[in-house]
Amino acid sequence: DVVFTALTYYLVGYGISFGEHGTPFMGKGNMPADGGYDEVTSGLLYSKYVFQLSFAATSTTIVSGAVAMRLKFFVYVLYSLIAVIFYSFVAHW
């Protein structure tokens, strides 16, 4: 659960949440979240990523307790991917 959340948020979600302000609805850029080679810039970006990842993971793991052993694993992973994308739009606002 957390592994799929972390990968999805790294590849797509962080860019939607904190990318350049392309539209009021979503950000653009920083997909995947990459700080480059500058130590200070990449350190700040990755620390912000891990902090925001904790909230994205919480939004998916709250549901995991309610649906434990009631869904097939593939369906739950699909739900967690959709929940992270949805969280990314809300975090951008």
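## Exercises on a predicted three-helix model

In this chain, 57% of the contacts with a separation of 6 or more join residues that lie 24 or more positions apart. The model is predicted, and its mean pLDDT is 80, with 88% of the residues at 70 or more.

**Exercise 1. Establish which secondary-structure elements the chain has and in what order they run.**

*Solution.* Step 1: the count gives three helices and zero strands. Step 2: read from the N terminus on, the order is α-α-α. Step 3: for confidence by element, the lowest mean, 82, belongs to α2, and the highest, 85, to α3.

**Exercise 2. Determine what share of the chain counts as buried and what its accessible surface consists of.**

*Solution.* Step 1: the chain has 93 residues, and 31% of them count as buried. Step 2: the accessible surface of the chain is about 5,900 Å². Step 3: carbon and sulfur atoms account for 73% of that surface.

**Exercise 3. Classify Thr60 as buried or exposed, and describe its surroundings.**

*Solution.* Step 1: Thr60 is located in helix α2. Step 2: its relative accessibility is 0%; buried means under 20%, so Thr60 counts as buried. Step 3: leaving aside residues up to four places away in sequence, Thr60 touches Asp1, Thr5, Tyr76, Tyr79, Ser80, Ala83 and Val84. Step 4: there is also a polar contact to the backbone, in which the side chain of Thr60 reaches the backbone oxygen of Ala57 at 2.9 Å.

**Exercise 4. Classify Phe55 by its accessibility and relate its position to that of Ala91.**

*Solution.* Step 1: Phe55 is part of helix α2. Step 2: the relative accessibility of Phe55 is 40%; partly exposed lies between the 20% limit for buried and the 50% limit for exposed, and therefore Phe55 counts as partly exposed. Step 3: the sequence separation of Phe55 and Ala91 is 36 residues, while their C-alpha atoms are 9.5 Å apart in space.

**Exercise 5. Identify the residues of the nonpolar surface patch, and explain why Leu71 meets the accessibility condition for such a patch.**

*Solution.* Step 1: the patch is formed by Leu71, Phe74, Val75, Leu78 and Ile82, which together have about 490 Å² of accessible area. Step 2: Leu71 sits in the loop between α2 (39–66) and α3 (73–92). Step 3: Leu71 has a relative accessible area of 41% and is partly exposed. Step 4: patch residues need over 30% relative accessible area, so Leu71 meets this condition.

Notes
Residues are numbered from 1 along each chain as its sequence is written. Side-chain values use heavy atoms; hydrogens and water are left out. Patches are made of residues with over 30% relative accessible area and no salt bridge: like charges are joined within 9 Å, nonpolar side chains (Val, Leu, Ile, Met, Phe, Trp, Tyr) within 5 Å. Accessible areas come from the Shrake-Rupley method with a 1.4 Å probe; for residues, only the protein chains shown count as cover. A salt bridge is a side-chain nitrogen of Lys or Arg within 4 Å of a carboxyl oxygen of Asp or Glu. Helices (H or I, at least four residues) and strands (E, at least two) are DSSP runs, numbered from the N terminus. Buried means under 20% relative accessible area, exposed over 50%, partly exposed in between (1.4 Å probe, protein chains only). A polar contact is a pair of N or O atoms within 3.5 Å; within protein, one must be able to donate a hydrogen and the other to accept it, and residues adjacent in sequence count only if both atoms are side-chain atoms. Contact means heavy atoms within 4.5 Å. pLDDT is the predictor's confidence in each residue, from 0 to 100.
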